[in-house]
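Me: I have a model to go through before my next bench session. Can we take it piece by piece?

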Amino acid sequence: MPLSPNLRGALFMVVAMIGFTLNDAITKVSSETMNMAQVMLVRGAFSALFVGLLAWQRGALANLSSMLQPMVAVRVAGEAGATVSFLVALAHLPIANVSAVLQALPLAVTMGAALVFNEHVGWRRWLAIAVGFAGVMIIVRPGFEGFSLYSLLALASVACCAVRDLATKRIPQAIPTLLVSTATALAMTILGAALLSPMGGWTPMTAESTALLALAAVLIIIGYQFIIMAMRVGDISFIAPFRYTALLWSILLGLVIFGDVPDLPMTVGATIIIGSGLYALYRERVVGRQKPAAESAGPDMAPDGI
């Protein structure tokens, strides 16, 4: 039996998280030898080249003026803010800690979908959102020993990502996903070039460091493509919780590559956030069973067809 739009979106989200998490690990390794602006510039240049060639081959660049569509611009702006704040936090915090804070994103997107798009969210899921953000505060631990200002940057990245994903949902279906990805990659490259001097300038690169960032570019393209497809193919409030799979990969990579062992507040906070998200997902499924089939398969659930 063919998968429903929501299940396809959930599968796309899991694939996106694998790509993003592997990219994060490579990026953190690269930050030990160069500043994050240089990482953005080099990785963005590779991404723009790879996805641009793919978009050209598939005819997605036929209407470049679509890059100026307002929701594409909002998405790119959200991605820019998220990237800068996330990369700076990632360079100074354990990868699992940054990933744990980002697990609040599904709750933020669910809240945004309710407030901005009037998607129905009952009181139980509102309670789950509140509990989830309490878990974020346990991880960030403001005012306590172990608090880092870089944790707030990770939280700022959550807000920017929520804007990005909500804007993605409103990008017209006629605009190809590959064109959106190309616009995003170009914007990240330009932003990296603009921030290079303020962040310390250029550091000579080895063949190994260049190859690693090229691999990161491939992984982030996979993430871009699948997260855009995920957010456009189904209900945001159903798909968003599948981001939680990223935390499992982050903890594993943190242990294997960086020797980072999650501390108690991070573990407790992440458990609360994931528990809240899973409960919100459960409530979404309960509500979904009460919807008529026609409503669950509306025209806005169609894939891009690229």
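**Working through the model**

Me: Cys161 to start. Buried or exposed?

Reply: Buried, with 8% relative accessibility for Cys161. Buried means under 20% relative accessible area, exposed means over 50%, and partly exposed is in between (1.4 Å probe, protein chains only).

Me: Before we go on, what are the ground rules?

Reply: This is a predicted model, where local features need pLDDT of at least 70 and side-chain atom pairs count only at pLDDT 80 or more, while totals for chains, interfaces and linings use all residues. Residues are numbered from 1 along each chain as its sequence is written, and side-chain values use heavy atoms, with hydrogens and water left out.

Me: Back to cysteines. How many disulfides?

Reply: Zero. The rule asks for a pair of cysteine sulfur atoms within 2.5 Å. Cys160 is in no disulfide, and its nearest cysteine sulfur, on Cys161, is 7.1 Å away. Cys161 is likewise in no disulfide, with the sulfur of Cys160 as its nearest.

Me: And how accessible is Cys160?

Reply: Cys160 is partly exposed, at 23% relative accessible area.

Me: Now the core. Which residues touch the most other members?

Reply: Met13, Val109 and Ile227, in a largest nonpolar core of 71 residues. A nonpolar core is a set of buried Ala, Val, Leu, Ile, Met, Phe, Trp, Tyr and Cys residues joined through side-chain atoms within 4.5 Å. There is also a second, separate core of seven residues, with Val51, Ala55, Ala60 and Ala185 among them.

Me: Where does Met13 lie?

Reply: In helix H1. Helices here are DSSP runs (H or I, at least four residues), numbered from the N terminus. Met13 is buried, with a relative accessible area of 0%.

Me: What is Met13 in contact with?

Reply: Ile227, Ala230, Met231, Ile239, Phe242 and Arg243, leaving aside neighbours within four places in sequence. Contact means heavy atoms within 4.5 Å. Gly223 is 210 residues from Met13 in sequence, yet the C-alpha atoms are 8.5 Å apart.

Me: What about Ser30? Where does that lie?

Reply: Also in H1, which covers residues 5-30. Ser30 is buried at 4% relative accessible area. Beyond four places in sequence, Ser30 is in contact with Val39 and Leu213.

Me: On to H2. How many residues does it have?

Reply: H2 has 22, residues 36-57. From first C-alpha to last, H2 reaches 31 Å, close to the 32 Å expected at 1.5 Å a residue. The expected span is 1.5 Å times one less than the number of residues.

Me: What caps the N-terminal end of H2?

Reply: Asn35 does, with a side-chain oxygen 3.1 Å from the backbone nitrogen of Ala37. After H2 comes Gly59, whose phi is positive, near 75°.

Me: Ala37 again: which residue is 8.7 Å from it, C-alpha to C-alpha?

Reply: Pro198, and the two are 161 residues apart in sequence. Pro198 lies in the loop between H8 (177-196) and H9 (207-233). Pro198 is exposed, at 66% relative accessibility.

Me: H11 next. Which of its residues are buried?

Reply: Ala246, Leu247, Ser250, Leu253, Gly254 and Phe258. Down the axis of H11 they fall within an arc of 130°, so they line one face of the helix. That arc is taken over the directions from the helix axis to the C-beta atoms.

Me: What does the face turned away carry?

Reply: The exposed residues Leu248 and Val256.

Me: And Gly254, what is that in contact with?

Reply: Ile95, Gly259 and Asp260, not counting neighbours within four places in sequence. Gly254 is buried at 1% relative accessibility. Just after H11, Gly259 takes a positive phi of about 70°.

Me: Last one. What is the phi of Asn118?

Reply: Positive, about 60°, although Asn118 is not a glycine. Most residues other than glycine have a negative phi. Asn118 sits in the loop between H5 (105-117) and H6 (123-140). Its relative accessible area is 66%, so Asn118 counts as exposed.

Key
Helix = DSSP H or I, 4+ residues; strand = E, 2+ residues; numbered from the N terminus. Polar contact = N/O pair within 3.5 Å; in protein donor to acceptor, adjacent residues only side chain to side chain.
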